[in-house]
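Hi,

Here's the structure I promised to pass on. Have a look at it first, then read my notes below.

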Amino acid sequence: MKDNTYTVAVLGAGNIGSAVISRLINLDNQVINIEISKILISDPDKNRDFDKNLFTADFNEILNDENIDLVIEVLGGIDPGKEYIKSLLQKGKAVITANKDIIAESGRELVELAQKNNTCLYFEAAVAAGIPVLKPLIESLRGEEISRITGIINGTSNYILTSMEEGSDYKKALATAQELGYAEPDPTNDVEGIDAKYKAMILSLICFGVTPSTDGLFTEGIAKATKEDFDWANRLGQTIKLVAIIDNEQDGFNARVFPVLINKKHPLASIRGALNAVVVEGKNIDQLVFSGPGAGANPTASAIIGDVLSACHQISSGQSNWYPLRKPTTAIKSFEQVTSSMFIRLSVSDKPGVLASIAGTLGENNVSIQSVIQEGRGDEAELVLVTHEAPEKDLKVSIDKIASLDTVLSITSAIRVYT
Ligand code: HSE
């Protein structure tokens with residue numbers, strides 16, 4: 001840094017990288033001056049909108065350039081980005097990344113590396129893109145005991161669910177999400193909750209000091225949601241959202257991702273289209289709600305630019321931007337121990353005693369029924385049950401046993417109810 005001018009390199013010039021570079025070139029320099037000195041790309045001969053002299057295909061040119069203060073990693077994927085970030089932090093360079101996969105997998109290690117080397121690591125864009133949520137959680141709320149985070153943190157699945165709420169079927173909603181560029185040609189990561197899981201892993205580290213393993217975080221996506229589920233949800237005053245829930249109640253910590261029926265009056269119910277929202281709960285703050293665009297190049301670039309300004313401000317102090325990470329305050333609770341309320345839709349034979357056998361099976365497994373609606377359809381009937389909260393283990397056993405009853409033709413849906 002010299003005369004309030006900071007020298008920056010960018011790793012990657014794809015969709016997000018290009019948006020970041022354009023923003024940096026046009027940055028309002030009332031705050032600081034930024035000079036982009038190098039851009040790492042795999043093919044320097046490819047035609048791009050930026051000055052060709054900035055391009056390099058050799059990472060070491062950036063790593064070993066003593067003039068570079070700060071490096072922005074927007075390569076995507078884990079390799080080689082993760083090793084690049086480690087080498088840069090070890091050299092004491094400030095790093096900004098939007099890469100949720102890397103931070104979910106190695107966030108603790110990288111934060112500790114930044115602390116050890118008195119340098120900066122920022123990754124605001126890795127969770128909920130344009131919504132500034134990590135900085136408030138890391139800094140403003142560092143003194144607060146957070147009890148629960150509930151987030152809609154995948155824009156694609158929220159777009160699909162919103163379209164279904166408006167009457168579309170799943171396939172059509174997914175096809176439109178793909179046409180609009182929200183969903184990838186292979187939409188697995190978004191619709192199966194995997195993208196939300198990575199973000200939940202990052203929130204777990206930041207808010208509770210816990211690093212859940214990829215396998216240890218229960219994840220269920222939205223691919224089974226149907227129009228009938230939405231019709232029922234609507235009758236019950238609810239809608240359906242894919243949420244990540246991370247809580248740290250007295251009996252333990254757990255993080256999970258699944259679709260829920262959620263009351264239409266809850267702030268998350270009104271988050272529509274590709275937007276994201278994060279609800280933070282704690283003793284002194286009651287409930288905070290952050291919402292906004294959680295995907296897309298411009299919102300992601302906005303978060304990165306905010307990180308660039310923070311990093312430049314911090315660099316001159318010669319200290320890491322990280323407070324000590326939070327320490328876990330409770331043991332990790334397995335998903336089987338988590339309690340949930342369940343909405344269960346069944347197709348049954350319309351005969352005497354059917355409801356009694358289903359209620360009996362739930363009762364034998366300590367699951368109590370909160371409400372029942374039955375609607376006849378000739379010899380068949382549709383039965384809709386909502387249970388009181390019960391441990392996931394008991395709910396699973398009950399549902400499996402109900403499915404094997406002779407009078408139960410099929411379990412059409414089982415969706416948790418947000419409480
Ligand atoms: N594909 C993600 C989403 C954005 O739909 O929210 C990047 O994390």
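Helix H5 (134-140) gives the largest cavity four of its lining residues, the largest share. Helices here are DSSP runs of H or I with at least four residues, strands are E runs of at least two, and both are numbered from the N terminus. A cavity is a set of points on a 1 Å grid over the protein atoms alone where a 1.4 Å probe fits but cannot get out, and lining residues have an atom within 4 Å of a point. Before going on: this is a predicted model, where local features need pLDDT of at least 70 and side-chain atom pairs count only at pLDDT 80 or more, while totals for chains, interfaces and linings use all residues. Residues are numbered from 1 along each chain as its sequence is written, and side-chain values use heavy atoms, with hydrogens and water left out.

Strand E6 (121-122) also supplies at least two residues of that lining, and the full list includes Phe123, Asp307 and Trp322.

Which residues surround the ligand? They are Lys100, Asn154, Gly155, Thr156, Asp190, Asp195, Lys199 and Ala295, where being near means having a heavy atom within 4 Å. Helices H6 (155-165) and H9 (194-208) each bring at least two of the shell residues.

Now the polar contacts (pairs of N or O atoms within 3.5 Å). An oxygen atom of the ligand is 2.7 Å from a backbone N or O atom of Gly155. For Asp195, a polar side-chain atom is 3.1 Å from a ligand oxygen, and for Lys100 a side-chain N or O atom is 3.3 Å from one.

Cheers

Terms used: A polar contact is a pair of N or O atoms within 3.5 Å; within protein, one must be able to donate a hydrogen and the other to accept it, and residues adjacent in sequence count only if both atoms are side-chain atoms. On a 1 Å grid over the protein atoms alone, a cavity is a set of points where a 1.4 Å probe fits but cannot get out, and a pocket is an open set with protein on both sides within 12 Å along at least five of seven lines; lining residues have an atom within 4 Å of a point.
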